[in-house]
Amino acid sequence: MALHRDIFWVGRQWAVTGAGIQAVDQRLRGVLDIEIARLWDDDLVRSRRAKPGVNAADFDKALTVARERFPESNPLVAQLEALGVIGAPVVSPAVPAMKLRAEGRLARFLPQWRIRR
């Protein structure tokens, strides 16, 4: 996978991008990349760091830069969740759920619908 277009830091072997931590060597095809959502998963980080051929100092610097750039949780979101403002989505009883009734019928005989913009 090619490097993400937003590059924040580049080392010898690792880069911090808009997608997380990515290996600079594109022959690896993104096998060792760590996406933003998993930056704080210590087991994954340890497993990537223990791989043969990984420059540990460069990886640690990339991890530090990435964790500073993408904090674990947004404090505002954490406060809103604690207050109960953000929670499970409320399902409105006035809006019926969309049901697909096409079982057992041929698709070419079903009425067509389009979304107009």
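Helices (H or I, at least four residues) and strands (E, at least two) are DSSP runs, numbered from the N terminus. On that basis, the chain I am presenting has 3 helices and 4 strands, and from the N terminus their order is β-β-β-β-α-α-α.

Please note that this is a predicted model, in which local features need pLDDT of at least 70, side-chain atom pairs count only at pLDDT 80 or more, and totals for chains, interfaces and linings use all residues. Residues are numbered from 1 along each chain as its sequence is written, and side-chain values use heavy atoms, with hydrogens and water left out.

I turn to confidence. pLDDT is the predictor's confidence in each residue, from 0 to 100. The chain has a mean pLDDT of 78, with 64% of its residues at 70 or more. Among the elements, helix H2 has the highest mean, 92, and helix H3 (residues 75-83) the lowest, 64. Where pLDDT is low, the predicted coordinates should not be read in detail.

Next, the chain as a whole. Of its 117 residues, 21% are buried, meaning under 20% relative accessible area, with exposed over 50% and partly exposed in between (1.4 Å probe, protein chains only).

Let me now consider helix H2. Its 14 residues, 56-69, reach 20 Å from first C-alpha to last, close to the 20 Å expected at 1.5 Å a residue; the expected span is 1.5 Å times one less than the number of residues. Which residues of H2 are buried? They are Asp58, Phe59, Ala62, Leu63, Val65 and Ala66. Their cover includes strands E1 (7-10), E2 (14-17), E3 (20-23) and E4 (34-35), together with helix H1 (42-49); contact here means heavy atoms within 4.5 Å. At the N-terminal end of H2, Asn55 acts as a cap, with a side-chain oxygen 3.4 Å from the backbone nitrogen of Ala57.

Finally, two buried polar residues deserve attention. A polar contact is a pair of N or O atoms within 3.5 Å; within protein, one must be able to donate a hydrogen and the other to accept it, and residues adjacent in sequence count only if both atoms are side-chain atoms. Gln22 belongs to strand E3 and is buried, at 2% relative accessible area. Its side chain reaches the backbone nitrogen of His4 at 3.0 Å. Asp33 sits in the loop between E3 and E4 and counts as buried at 9% relative accessibility. A polar atom of the Asp33 side chain lies 2.9 Å from the backbone nitrogen of Ala23.
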